[in-house]
Structure formats: structure tokens, C-alpha cells
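The following exercises concern helix packing, strand pairing and aromatic pairs. Please examine the sequence and the structure before reading each solution.

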Amino acid sequence: MNRREFIQYASALGISAALAESLLGTARAQTNSAHATPSVSGRVVVVGGGMAGATAAKYLRLRGGEKLQVTLVERMPKYLSHTMSNLVLNGRRTMPSLEFAYTDLARNYGINVIQGEGVGVDANARTVKLADGKTLPYDRLVLSPGLQFDAPPGLTTADFNGKFPHAWDAGPQTTNLRNQLLNLRDGGTVIIASPPMPYRCPPGPYERSSVIGHWLLKNKPGAKVILLDANPKIVVEEPIFTGLFEGTLKDVVTRVPSAAIKEVDPATMTVKTSAGDFKGDIINIIPPSRAGKIVQDASLVNVSERWAGVDVHSMESKVAPGIHVVGDSTQLPKTGTYASSEAKNMADAIVRLMRGQEPLPSPVITTACYTPISEDLASWLTFVQQYDPETKGFKQSSTGMAHEPSQVNYKRMFDWFDALMRDSFA
Amino acid sequence: MKTSRWLLVGFALMTAGGLSALAGGGGAPVTPPTPPRPAITPAPAPVKPRAPTTPATTAASAATSTTTSTSAAITAVAPTLPVNPLIEHPGWTLAAACFACHGLDGKDETFGALNVFSAEDFIDRMNELKTTEAENEGLMKPHSVGYTDEQIKLLADYFSQVE
């Protein structure tokens, strides 16, 4: 019986062609495994230990087995979670509670974790150079460096670490913004500026406006948030946030649509936008971003001059075979759970590619995400994306969101966060 | 019943139909193949004993790492990796996405363990979720409608085999 006959036969029995194909694949893998080692040998280096990189390292080992050597290179001694970091701003989480060490990945999965900074790629020699001069050889390379942020006109990137924290990477800037809020005068104004799509965590700017708005209501009489949104419409969870901004937060949060930043004047604390000029006591610009530096330096950026274009089956760069880019640096949506789902698909694809097989033909992305709204309310957003052969990208096949913010969601949000971080870091 | 009939049919076809020759590369001489590992474990009780929930590893373990100014291996150990007999299962990649909330192999009970279901019960449950109006179950609704029937069958088969 040949392949076509098998599929026809299977079809007669009510088994679809796609399923028959996958059964064929299984049979092939199992037959191969009778003659060759089912695991795969080789070296994969992962540069960047955020949600995408940490998940990739762990799942490469789970999928590839003992003989697949995985090295994870990360600049910081611990991961600081962006997810939940808006709850540092209202005092509901501490920064240490967002720290996740890499020791479990090393201990539990035999990942070689190196604290260092990847600074260059030699695609011909298949090596990565670290800041301390060390060189790591690889058979396949995964780059997951996160984002590089652009300073708006009038500011420099150094200002992010001073008076104008973006706090879109969790860390000292988050604490800085928290302190600025604590020191805000009654009746003061907090300006939050949201960049045009695509940016990391689409609900994030609305979430931050809502969390801070609720905190101001209780703690800073007369104070308010002006959300300067570069996007014309609220980009996600629109009914939830419209309900809040026109309801509970009506007198506290004002969203200005289509407010593209022209310039920030630090002397007068003014943000000049296409929708007018706005003066604030605190200016929190969430800046436009682009692929991380090592991705740019390796000349992998080929989408909108900002992102690395990848084949979504494998996350392999379209311009550099053997180099995969995963997480926020690609053309795909930028959230922690999206990155986790991408990383798992990629781990499977890398193992298949290293065995001389093709990646699975129809990858699926699955996300589920909770959004803090206040000190005791949260909503959620979830969706599934299927591979679309026409665009060679993903197509949303379903989506859903919370009916309304609730305390039950707030409680479950922490269970979700713990599970998510355990899945990536433990 | 835990057995998923479609997969049994599939493997019956493979063994009966000489699919091993096909899988081995077309006209190559047929070496007596190792019989495919039975994909279906014998059906035990409809609901399996629940696995213990792994305690949360969060900030507590974070405190143990070290800070150095130059690159340094935090740990270079070679533990024995957990062996997953289902690692070549065609539903592994789909299932792995579920692990983010439901734990490795769907064993965590916080949001409901997935390995307690027989394949048929899993499919029934997903079908129920398609029409739910309950807020907390609502989060799973997009998953029940976002996957194809075949993908749900693969997930059902995967989780039903997780011990």
C-alpha cells in the first residue's frame, strides 16, 4: 500500500487526510527509531533567557533528549518577569517576587546556563561570541534577546534610566516609576504614552492605566492619568477597557486616541503629540521597539526594518539558515504566553530538522493570559491561531475575553502566573 | 472506555497493510520491523489516580543564583532527563501548549489535570466547553472551538496515555 492508497483507505474509514498524514509520520518515526537513535545529537545555543529563550531551552531538552546539548546564555543572573510587573506600581507585588533563577533549568534539565552577553554571530563558522571573548560553537542557534527600545525625539535612551522610565522591561525602571507615583502630588497628572502596534503585550498600556488609575483613586485625591494612545482604537479587550474608562475610572483616566508622539520636552514636562500637547508630573513613555541588538547585528532584520522575519513552522530566520529567532524580536505578536507557545513549536521543529526531517506542516499557537485591572480585579484574554497556508503565517481561529473584571479572575491570575513561570523556569 | 478507536484503526492498518515498508523508504527490502509501540495503553479505570501537584517554584529558588561580572556557567550538571514514552506522539507539540497552565503532561491540578480523562471523555469535555457561558470555563471556550476536531482527537489521545 502506498501513501496515497493509505490516505484513501483511511479516508474511507472516516480518518481525514491530515490525520492519516500524521499517522504516517508516526509510523515513520517509529520505524526509524528501530534502526537509529530516537534522540538527536548536537549542540543548540540559546541567547537570551526570557520567556521565549528559557522555554526553548527546557523544551529542547525535553524533546531532544540527553544527547542534545543545550546552552542558555543570559546577561542577567535572574529573569525579572514583565508579566505582573504593573502590580509593583500599585504595591501588590514586590520586585523580588518577580525574580526567577536559572538554577532549576540547569539542575532539572541539564541545560548549560552561562551568565554572559551574546554580542555577535559568525553564521559561517557557526559560533556565537560572548562579551568576555568566549566563543560558543553551535549546530543550531536560537536568538531570543527581547526588544530594543527607541527613545522619542527630545529624549535619549539614557533618560529611560533617569527621570523617564518606560518600565516596559521589568527592573529598576519599574521601581523608579513606583517611587515617582508614591511621590506624586495630590491632583497631579500621570502621562502614559502607548506606541503604535505592534508592541509587547497589547493589553499592557491599558492595564497599566487602569491599575494606576485605581491606585490614584484611593491614594492621590484629584490625580489623573492621561493615556496618549498612538492607536486609533483600543487594540485588545476593548469592551473591558472602554467599560472602565467610561465607568469607574471616568474621572481618573482620559484616553486620547491617535496621539502619535512628536516630541517630549523634559524642561517643561510636556509631551507634544498629533492630538495636542499634554503636560504631566510623571511622563511614562512606552517606547516603540525593534528586534534585540544581536538580531540586528546579525543582519536578520527584514520586516518593517524592525523585526526578524521567520518561517513560522520552525522560527528559522528567512535570511540565515540554522539561526532561529523566537519571542519579541520576530514579526509575530509579542506576549509571554505567545512566546512560550512559539518556543515549544520551535523546539519540536529543531529536533526534527536536526534529524533531517521536516517540521510539522501546520503549527498552532495557543495563549491564555490574565490582565490585572486594579488591586483586586483582573480580566483575561485568550486565543488560538492556526497556520494559514495562504499567508504562510498564522490566522486567528478563536478568541475570547472575560465578561468583566472580577475578584475571582484576580485570584486565578496568580495561579496562572505561577503555572506559567513553572513551565518556563522550573 | 479509554481506548481511542480511530488510532487503533490507524495502527491496525499500518501493521496489516505493510506500512512499515512504506515508512522505511518505499521499495527497500522489508526488515522485520519492531512492531510499533502500542499507542494505546490498556484501558484502566475511566478516571485515573491524580498526580501530586508540584509545589510552586517561584522566588524562593531565585535567591540561590549567583551574580558575576563575566560569563560563568551557573551549573553544568547532567541529570537524567525524565523519559517521556509519548515524546514521538503526533500530539506532543499541541499538548505542550497546554502545559503552560495545566503543568507538564497536563498533570497539575490547579486548573484541572488533563491526564485524568479517557480520550472519549476529553473530547466530550471539549464539546461541552464549546457552548459554555460560565465565566471561568469561558477561558477554555476559545481552545475548544479554536482547534480542529483532529487536533482535539490528538490531544485526547495524548493526555489519555499520560500516566
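Rings of Phe, Tyr and Trp (its six-membered ring) are taken to pair if their centres lie within 6.5 Å; planes under 30 degrees apart count as stacked, over 60 as edge-to-face and the rest as tilted. The model is predicted: local features need pLDDT of at least 70, side-chain atom pairs count only at pLDDT 80 or more, and totals for chains, interfaces and linings use all residues. Residues are numbered from 1 along each chain as its sequence is written, chains are lettered from A and ligands numbered from 1 in the order in which they are written, and side-chain values use heavy atoms, with hydrogens and water left out.

**Exercise 1.** Characterise the aromatic pair of Y370(A) and W416(A).

Solution. The search of the whole structure yields 16 aromatic pairs over all chains. In the pair of Y370(A) and W416(A), the ring centres are 5.8 Å apart and the planes stand at 50 degrees, so the pair is tilted. Y370(A) belongs to strand 24 (residues 364-372) of chain A and W416(A) to helix 12 of chain A, so the pair ties together parts that are 46 residues apart in sequence. Helices (H or I, at least four residues) and strands (E, at least two) are DSSP runs, numbered from the N terminus.

**Exercise 2.** Describe how helix 3 and helix 12 of chain A pack.

Solution. The axes of helix 3 (residues 51-64) and helix 12 (residues 407-425) of chain A are 7 Å apart, at an angle of about 55 degrees. Axes are lines fitted to C-alpha atoms, for helices over the stretch in contact, and angles run from 0 to 180 degrees between N-to-C directions. Helix 3 and helix 12 of chain A are therefore oblique to each other; angles under 35 degrees count as roughly parallel, over 145 as roughly antiparallel, 65 to 115 as roughly perpendicular and the rest as oblique. Among the residues that meet (contact means heavy atoms within 4.5 Å) are M51(A) and Y59(A) of helix 3 and L420(A) and F425(A) of helix 12 of chain A.

**Exercise 3.** Determine the strand order and the edges of the sheet that contains strand 7 of chain A.

Solution. The open sheet has 3 strands in the order 6-7-8 (chain A), with antiparallel pairing; two strands pair if DSSP finds at least two bridges between them. Strand 6 (118-122) and strand 8 (135-137) of chain A stand at the edges, each with a single partner strand, so one side of each is left without a neighbour in the sheet. From one strand to the next, the twist averages 25 degrees. Strand 6 is joined to strand 7 (residues 127-130) of chain A by 4 bridges, and V121(A) stands opposite V128(A) in strand 7 of chain A.
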